[in-house]
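Let's take a walk through this structure together, one helix pair at a time. Keep the 3D view open and turn it as you read.

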Amino acid sequence: MGFLAWQLLHASAIVSPELLPGPADVFNAFVEIVHTGYRGTTLGQNILSTLGRCASGFLLACITGIPLGLWMGMSRPIAAAVDYIVQFMRPLPPLSYLILLILWFGTGNTSKIGLLYLTAFPIIVSSAMAGVRSVKTQKVQAAFTLGASHWQVFRYVVFPSALPTIFTGTRIALAAAFSTVVAAELMAATDGLGWMIVSASQFLRNDVIILGIIILGVLGLSLNRLVLALEQATVHWRGVE
Amino acid sequence: MSEALPKPQGAVPVLRRAAARILSRGEWRFTLLSVALLVAAWVAVTSSGLVRDLFLPGPALLWSGLVDLVENGYKSRPLWMHFAFSIERVLLGFGTGAVVGIVLGLAMGYYRKVDAICSPYVEFLRPLPQLAYLLLLIVWFGIGETPKIVLLFLTAFPVAAVAARDGVRNTSQLRIKAARSLGANEFQIFRYVIFPSALSDIFTGARLAIGIVYATLIAAEIIAGSTGIGWMVFDAGRYLRSDYVFVGIGLIGLTGLALDRLILAIEKRTIHWAGK
């Protein structure tokens with residue numbers, strides 16, 4: 001129905017077609033870009049570089065953030081020493097320190113990946129810590145009573161119980177990283193979907209802008225589904241308590 | 001320290017025991033140590049000239065930057081004016097988006113048909129990177145205030161709508177049935193049962209929304225602005241005034257925290273029954 005309204009609004013020419021291209025125009029733009037690319041870059045390239053940046057920042061944050069969060073959950077001194085830094089970073093809008101990262105690392109890929117890392121990292125650390133803290137004390141005590149070692153308690157009791165919370169955190173972090181990567185590409189990039197949209201807006205190619213927005217929406221949705229599927233495959237015990 | 005305390009008697013020893021318990025847990029020591037180490041490293045690295053002021057300004061430079069900003073403002077506008085611009089945008093965009101989103105979300109939760117019609121749009125809008133449609137909005141509405149407010153509206157709206165819808169859905173069926181069997185009509189059930197129990201979800205959504213709105217605003221000001229604290233940081237960065245950049249980031253962080261606390265305070269006042 002929304003599609004119909006769009007077509008009607010376009011066909012009735014209330015809004016100038018320059019400002020609101022019709023569905024057919026957007027589809028044509030899609031075909032054109034798939035065939036000839038957009039200003040020397042192919043669509044696949046742009047999608048890949050956006051996803052690549054997003055994935056590298058996000059994975060780096062997972063690799064470092066999950067162990068740190070788990071450690072903070074297990075050890076109160078570590079939590080006390082690190083938590084205030086994480087809690088200060090968490091509400092900070094990522095784009096506000098992009099300018100610092102550009103100053104430090106230049107305008108290349110490093111500053112963008114660093115930005116995404118800093119976006120995802122505090123969310124993941126907090127969720128891993130909260131996950132460990134939410135483990136029921138009885139379960140841990142029961143395992144100790146049954147003669148489990150510290151490592152065994154961590155591996156078989158604490159970690160599995162923390163995993164659902166960690167997954168929720170990674171999903172939020174991935175969504176945040178994805179919207180930040182587009183913002184970073186709008187500001188300083190020479191490829192990627194964000195760059196494609198900025199460049200299209202400078203040439204008043206609104207069909208390409210709308211196409212870019214639709215592709216981003218579909219990608220964002222699929223990323224979310226991907227983590228959700230991974231979560232359901234891994235944490236089959238969620239909610240079964 | 002705690003082992004040396006005598007056996008407590010009376011009110012003062014109780015206080016002393018409480019203090020001793022906090023001290024003996026000793027977590028604050030680790031926080032203090034960590035802060036001290038961080039500050040010491042900062043001072044050492046900057047004052048020894050290991051890192052140039054351009055990359056990381058020292059404490060003295062940062063302080064003079066802050067004083068300078070407060071006294072003289074930035075680019076012919078006082079600091080509070082940049083603040084006021086940003087806060088005004090956040091409140092306008094968040095306010096309109098939250099009100100429309102909550103009303104629509106309540107309707108979506110209450111009427112299945114409204115949900116079926118609206119949820120495709122809301123679900124599509126929600127995961128979309130907000131900045132992606134900023135450029136479209138600029139082409140449509142020009143470069144003034146309108147595109148920014150509309151952007152923030154579109155950012156807050158789906159988050160608020162989904163939270164309100166879930167809040168209505170989460171209302172316990174038992175309570176609705178109890179109210180109905182006591183003779184409440186549909187409006188009364190909505191007004192006195194569903195709405196109050198949805199409120200806590202609505203507030204959670206509002207807190208989430210204001211955080212995202214604020215982050216989006218900073219990004220929007222950086223990409224297309226000539227006023228506001230986000231723009232100030234970006235512009236200072238272009239002139240390599242890293243003292244202003246650091247002060248600005250600190251201010252942005254504090255403002256974000258204050259906005260979050262504001263919603264939390266309103267929530268505490270409104271839903272005094274939470275958790276009961």
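This is a predicted model, and we can start where two chains meet. Find helix α5 of chain A, residues 94-105, and helix α9 of chain B, residues 186-223: their axes come within 7 Å and cross at roughly 45 degrees. Angles from 35 to 65 degrees fall outside both the roughly parallel and the roughly perpendicular ranges, so α5(A) is oblique to α9(B). Who does the touching? On the α5(A) side you'll find A:Pro94, A:Leu95 and A:Ser96, and on the α9(B) side B:Ala215, B:Ile218, B:Ala219 and B:Ile222. Sort these residues by class and you get six nonpolar, one polar and no charged.

Stay with α9(B) for a moment, and look along its length. With 38 residues, a straight helix would reach 56 Å at 1.5 Å a residue, but the end C-alpha atoms of α9(B) are only 48 Å apart. Now look for a bend: there's a kink of about 40 degrees at B:Phe195, shortly before the proline B:Pro196.

Next, zoom out to the whole meeting of the two chains. Here 40 residues of chain A are in contact with 40 residues of chain B. On the chain A side, α4 (76-89), α5, α8 (150-187), α9 (193-202) and α10 (206-234) each supply at least two of the touching residues. Which helix gives the largest share of that side? It's α10(A), with ten residues. By class, the side of chain A that touches chain B has 30 nonpolar, nine polar and one charged residues.

Now let's move inside chain B. Helix α5 (residues 112-125) and helix α7 (residues 145-169) have axes that come within 10 Å and cross at roughly 130 degrees. The two helices are therefore oblique to each other, and α5(B) passes α7(B) in a left-handed crossing. From α5(B), the contact uses B:Asp115, B:Val122 and B:Leu125, while α7(B) brings B:Leu154, B:Pro158, B:Ala161, B:Val162 and B:Arg165. That contact divides into six nonpolar, no polar and two charged residues.

How far does α5(B) reach from its first C-alpha to its last? Its 14 residues reach 20 Å, close to the 20 Å expected at 1.5 Å a residue. Still, α5(B) has a kink of about 45 degrees at B:Cys118, shortly before the proline B:Pro120.

Finally, hop back to chain A and find helix α2, residues 23-36. The axes of α2(A) and α10(A) come within 9 Å and cross at roughly 80 degrees, which makes α2(A) roughly perpendicular to α10(A). Where they meet, α2(A) offers A:Asp25, A:Val26, A:Ala29 and A:Phe30, and α10(A) offers A:Asp207, A:Val208, A:Ile210 and A:Leu211. This contact has six nonpolar, no polar and two charged residues.

Definitions and conventions:
Residues are numbered from 1 along each chain as its sequence is written. Chains are lettered from A and ligands numbered from 1 in the order in which they are written. This is a predicted model: local features need pLDDT of at least 70, side-chain atom pairs count only at pLDDT 80 or more; totals for chains, interfaces and linings use all residues. Axes are lines fitted to C-alpha atoms, for helices over the stretch in contact, and angles run from 0 to 180 degrees between N-to-C directions. Helices (H or I, at least four residues) and strands (E, at least two) are DSSP runs, numbered from the N terminus. Angles under 35 degrees count as roughly parallel, over 145 as roughly antiparallel, 65 to 115 as roughly perpendicular and the rest as oblique. Two residues are in contact if their C-beta atoms, placed from the backbone, lie within 7 Å. Ala, Val, Leu, Ile, Met, Phe, Trp, Tyr, Cys and Pro count as nonpolar, Asp, Glu, Lys and Arg as charged, and the others, Gly among them, as polar. The expected span of a helix is 1.5 Å times one less than its number of residues. The bend at a residue is the angle between axes fitted to the seven residues ending there and the seven starting there. A crossing is left-handed if the near helix is turned anticlockwise from the far one by less than a right angle, and right-handed if clockwise.
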